[in-house]
Amino acid sequence: MYNELKVPPRILLGPGPTIANPRVLKAMTTPMLGYMDVDFVEIMDDVVTLLREVYGTKNKLTFPISGTGTSGMEAALANIVEPGDRVIVGVNGYFGGRIADIAERCGAVVTPVKAEWGDIIQPEQIIDVCDKVSPKLVAIVHGETSTGILQPLDDIIDITRKYGAFFLADCVTTLGGQPVDIDERGIDIAYSCTQKCLAGPPGLSPVSFSERVVDAIRKRKTRIQSFYLDVELLEEYWTGDTRKYHHTVSMSLIYAIREALRIIQEEGQSARYIRHEQNAAALIAGAEAIGLKPVAAARYRLPMLTTLRIPEGIDDATMRNRLLQDYNIEIGGGLGVFAGKAWRIGLMGDAANEQNVLLVLNAIEKLLIEFGVTVEPGTAVSAAAAVYHNSE
Ligand SMILES: Cc1ncc(COP(=O)(O)O)c(C=O)c1O
């Protein structure tokens, strides 16, 4: 006999998943409906409308794909890329690398535009490559979760337009925590996830395709290899007056995202973005006060994910294990070139709050002192608290 499922009350302050809002978890216990039930279709319509709001778009083709953020990435690339198409991908971290990999699997001739991990992609780099390859698509990660960089998009989008290409933004980490503004910026394809700044469970990837892209997809010369991710088929299920079965979506996850988006609407988008920024500022003030250095330059920091260099002589795994065992706090380790060299602290969705900032700073400071670092007890929390006082 197995015991009833019970998990420890973790405080998830890593790169995602984050803590799911209790209202979202409650919504997931709503009974199942048939996938074509008129009442369920109404719920789907709500999700589409609310998603358009948070994405800042009127794009008709805006809906959640079944699967995590990577399914949105696959859907985006599988639908727009045909074999032989030229695709430029900004690679300044782990997830840019994944986009390049998937684009290649779709048959694209990929030109990576590289920058050091922790730096941004410069618009001039994109111009240089556009001159050489005449791309169909330029793909950039808006919030690089592996490095803590918030990539400026506007200049690169202008360049992309000038060269007549489509622009794709990976908004897995940014949606719900920073403005994406699809229509205002002129993003053609965006995808995200539910387990970060939307404060839901993993399992859906909200995507949005501009009319321009939909038009190009309709004119493809070759059939999309994936049935499951074919947006023309999905469109027939998600939009329009007569719906057509495509696959059995997870009702529980659709209930979850609807509630998550309702919560964002209640809080207000700009209040939510400011909340993410203020909590990140307090976290960084506290961390710097005890000698922890952020990886990203101040101008390009991702508010929902802060990367901090691990001080000399401190063992990454020991610190993260002790945080988990002693304080129930999960923070992320470094990926790729930052493995063992940086910590990734996420303040995403509901988790971006003063209580968590003070908790994690206090825990890290106590452990650093135990590991032999000279710090006056209370330094980190006081520095963070000062940020909150000053913003009142
Ligand atoms: C920027 C970015 N893109 C893509 C992904 C992949 O998303 P998922 O793990 O939900 O499939 C992640 C995951 O953390 C991410 O941070």
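Is Asp215 buried, partly exposed or exposed? With a relative accessible area of 38%, Asp215 is partly exposed. Keep in mind, as you look through these views, that this is a predicted model.

**View 1. Asp215 sits in helix α8.** This helix covers residues 211-218. The label "partly exposed" fits Asp215 because its 38% falls between the cut-offs of under 20% for buried and over 50% for exposed. To get a feeling for distance, look for Glu370 as well: Asp215 and Glu370 are 155 residues apart in sequence, and their C-alpha atoms are 60 Å apart in space.

**View 2. Asp188 and Arg161 meet in a salt bridge.** Start with Asp188, which you will find in the loop between α7 (182-185) and β9 (189-191). Asp188 counts as buried because its relative accessible area is 2%, and buried means under 20%. Arg161, its partner, is partly exposed at 38%. The N to O distance in this salt bridge is 3.2 Å. Arg161 belongs to helix α6 (residues 154-162) while Asp188 is in a loop, so the pair ties together parts that are 27 residues apart in sequence. Leaving out residues up to four places away in sequence, the residues that Asp188 touches include Phe166, Phe167, Ser208, Phe209 and Arg212.

**View 3. Arg23, Glu259, Arg262 and Glu266 are joined into one network by salt bridges that share partners.** Begin at Glu259, whose salt bridge with Arg23 has its closest N and O atoms 2.8 Å apart. This pair links distant parts of the chain: Glu259 is in helix α10 (residues 251-267), Arg23 is in helix α1 (residues 22-27), and 236 residues separate them. Glu259 also forms a salt bridge with Arg262, where the closest N and O atoms are 2.9 Å apart. Here both residues lie in α10, three residues apart, which is about one turn of the helix. How do these residues rank for burial? Glu259 counts as buried at 10% relative accessibility, whereas Arg23 is partly exposed at 32% and Arg262 is partly exposed at 30%. The total count of salt bridges comes to 20.

**View 4. Domain 1 (21-266) touches domain 2 (269-390).** The C-alpha centres of domain 1 and domain 2 lie 29 Å apart. At the boundary, 29 residues of domain 1 are in contact with 22 residues of domain 2. Together the two domains bury about 2,100 Å² between them, with 65% of it on carbon and sulfur atoms. Look for Trp117, Gly148 and Gln178, which supply 23% of the area that domain 1 buries against domain 2, more than any other three residues. Which charged links would you find across the boundary? There are zero salt bridges between domain 1 and domain 2, but nine residue pairs are in polar contact.

**View 5. Helix α13 runs from residue 354 to residue 370.** Its 17 residues reach 24 Å from the first C-alpha to the last, close to the 24 Å expected. At the N-terminal end, Asn353 acts as a cap: one of its side-chain oxygens lies 3.2 Å from the backbone nitrogen of Gln355. Among the buried residues of α13 are Val357, Val360, Leu361, Ile364, Leu367 and Leu368. The elements that cover the buried residues include α11 (269-289), α12 (316-327) and α14 (379-390), along with the strands β1 (11-13), β12 (329-333) and β13 (342-346). After α13 comes Gly372, with a positive phi near 105°.

Definitions and conventions:
Residues are numbered from 1 along each chain as its sequence is written. This is a predicted model: local features need pLDDT of at least 70, side-chain atom pairs count only at pLDDT 80 or more; totals for chains, interfaces and linings use all residues. Side-chain values use heavy atoms; hydrogens and water are left out. Helices (H or I, at least four residues) and strands (E, at least two) are DSSP runs, numbered from the N terminus. The expected span of a helix is 1.5 Å times one less than its number of residues. Buried means under 20% relative accessible area, exposed over 50%, partly exposed in between (1.4 Å probe, protein chains only). Contact means heavy atoms within 4.5 Å. A polar contact is a pair of N or O atoms within 3.5 Å; within protein, one must be able to donate a hydrogen and the other to accept it, and residues adjacent in sequence count only if both atoms are side-chain atoms. Domain bounds come from an automatic or database domain assignment. Buried area is the accessible area (1.4 Å probe) that two parts lose on being put together, summed over both. A salt bridge is a side-chain nitrogen of Lys or Arg within 4 Å of a carboxyl oxygen of Asp or Glu.
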